[in-house]
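Visitor: Please take a close look at one part of this model, the nonpolar core, and then carry on to whatever lies around it.

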There are 2 protein chains.
Amino acid sequence: MTKPKYKIIADHVRDKVVSKQWLEGDRIPSETELSELFLASRMTARKAVEQLVAEGLLERSPSIGTFVKAPKAQSSLLEIKNIRDEILERGHEHKVVVLSKNSLVPNDKVALELSSWDVKVYKVVILHFENNTPIQLEERYVNASFVPEFLDQDFTKKTSSEYLNKVAPLSEAKMMVEAIMPSKILSHHLNLNENVPCLKITRTTFSSHTPISICYLYYPADKYRVTSHLLI
Amino acid sequence: MTKPKYKIIADHVRDKVVSKQWLEGDRIPSETELSELFLASRMTARKAVEQLVAEGLLERSPSIGTFVKAPKAQSSLLEIKNIRDEILERGHEHKVVVLSKNSLVPNDKVALELSSWDVKVYKVVILHFENNTPIQLEERYVNASFVPEFLDQDFTKKTSSEYLNKVAPLSEAKMMVEAIMPSKILSHHLNLNENVPCLKITRTTFSSHTPISICYLYYPADKYRVTSHLLI
DNA sequence: GCACTATACTGGTATATACAACAAATATCT
DNA sequence: AGATATTTGTTGTATATACCAGTATAGTGC
């Protein structure tokens, strides 16, 4: 299970970019330099760079170099923002309680979305608090073969979606918004009064055309809403 | 300006796929076969295939082959579609009942969104049926100075959003999705059972940066949901 | 007929090499 | 000093080669 060399290089470069050690517009080492740094051939270094260009992190200019690309403006429609950033942007405090971590064989519905019948799936249930008020219950299933170390993460330090976006950058997402009446257990976790509905968001995220994760997000309807802004 | 060989190969294969000469699930020629067909090296043929895999047209299975991938379901991104088209697309019947038409001075909330304190506002309330089941209650406020003839329209023939899009083409939209418990009157119109929540969509539409209309759309939660598909 | 083995084929990784097109820096000439 | 030519560095394309790890098929032995 040794990681291919081009992936090692790609991971290393991606880390430099997402950790902001290399900033937007910076020129990264040339393909030849990368190949020397990692004791690989130019073709291998090139393959790593190609992958990151496809992910949208880098941008090439022939005869000049490869540069860190500006992040997508991407405020737009029903954006995929992680709950922590959202809460911090409102100037509030974010707290997390991990309710469960499991490795399991997916049920049909989850397996269908992750198109992974033969593989394991990881499941986590996490409760998010905004200023000590429960704001989101996150029930997340992750394709274990693509993110093998998912369960080892400490989600109190980095949210699950932050981690996923790091190891398998988001390329595509499907969302569904429903209104439901909460089950008793859900009502308990979200500390809901009687007769308060929930917003249920089902979100499937893809990385390079592969479904990585499906999550069910439950919000108290009296404290949360989804917005989008669409330019035509 | 000669096209690189790998692009020629990729274009050729892509054409086979989109023209349905090669169908979903079909195995395409192996990399070696492609290289022989196009008098190229395997690496070049491989690069063509890699590109098409990245585009999502093909799918690889190590030791087995490369296959034509199932096309993406492709609902579009939280599109602003009008309810009639939506229902007709599902192959169902659409019926409309206009509950009220008014001309009034806007309350603060509506006026703020339409940024029209000094002008009149038109209001319509319309109930939409899908196969004789109430599916949407539309409460719409329109900036009267921009759409003076709004109230004269027959909304059973053309929906309000169709008409608006014709006289003031949509350039921008803001949406908000919430879950609410219906009021008694709403529950009655939507023919809801007890304890069924509603999806409330608040949508403000703009034409050339001017807010034209704000509408509140109420849906029975057990019969409706909002989806979006986001490509990054 | 059945089980096992060998072979051929597939995509995945990795390298070495070569040349083209272009840009920027450097050196050279006038 | 200024214009021109050369060199160097960069990405882009293309090939030949090698080996690995799987799968599928054909062949072999029983």
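**The core and its surroundings**

Guide: The largest nonpolar core in this predicted model has 28 residues, and V177(A), L199(A), V177(B) and L199(B) have the most contacts inside it. Elements of both chains give two or more residues to this core: from chain A, α4 (83–89), β6 (172–180), β7 (198–207) and β8 (210–220), and from chain B, α4 (83–89), β7 (172–180), β8 (198–207) and β9 (210–220). Another core, of 15 residues, lies apart from it and includes W22(B), I28(B), A45(B) and V68(B).

Within the 28-residue core, L199(B) can serve as an example. Leaving aside residues up to four places away in sequence, L199(B) touches V177(A), E178(A), A179(A) and L199(A) in chain A, and V177(B), E178(B), L217(B), Y218(B), Y219(B), Y224(B), R225(B) and V226(B) in chain B.

Charged pairs come next. Side chains of opposite charge can pair when their charged atoms come close. Over all chains there are 18 salt bridges. One of them joins the side chains of E31(A) and R46(A), with N to O at 2.7 Å. These two residues are 15 apart and link distant parts of the chain, E31(A) being in helix α2 (residues 31–37) of chain A and R46(A) in helix α3 of chain A. E31(A) counts as buried because its relative accessible area is 13%, under the 20% limit. R46(A), at 22%, is partly exposed.

In chain B, D11(B) forms a salt bridge with R14(B), the closest N and O atoms being 2.8 Å apart. Both residues lie in helix α1 (residues 5–18) of chain B, three residues apart, about one turn of the helix. D11(B) is partly exposed, at 26% relative accessibility. Salt bridges that share partners also join E31(A), R42(A), R46(A), E50(A), R60(A) and K47(B) into one network.

The last part is the surface near the DNA. DNA strand C is surrounded by 24 residues, of which the closest are K5(A), T44(A), E31(B), R42(B) and R60(B). Of the strand's atoms within 4 Å of the protein, 70% belong to sugar and phosphate. T44(A) has a polar side-chain atom 2.6 Å from a phosphate oxygen of DNA strand C, and for S30(B) the corresponding distance is 3.3 Å. E31(B) approaches through the backbone, with an N or O atom 2.9 Å from a phosphate oxygen of the strand. Among the elements of this surface, α3(A) gives the most, with four residues. By class, the surface has eight nonpolar, eight polar and eight charged residues.

Definitions and conventions:
Residues numbered from 1 in each chain as written. Chains lettered and ligands numbered in written order. Predicted model: local features only at pLDDT ≥ 70, side-chain atom pairs only at ≥ 80, totals over all residues. Heavy atoms only, no water. Near = heavy atom within 4 Å. Polar contact = N/O pair within 3.5 Å; in protein donor to acceptor, adjacent residues only side chain to side chain. Nonpolar A, V, L, I, M, F, W, Y, C, P; charged D, E, K, R; others polar. Core = buried A, V, L, I, M, F, W, Y, C linked by side-chain atoms within 4.5 Å. Buried < 20%, exposed > 50% of the residue type's maximum accessible area, 1.4 Å probe, protein only. Contact = heavy atoms within 4.5 Å. Salt bridge = Lys/Arg side-chain N within 4 Å of Asp/Glu carboxyl O.
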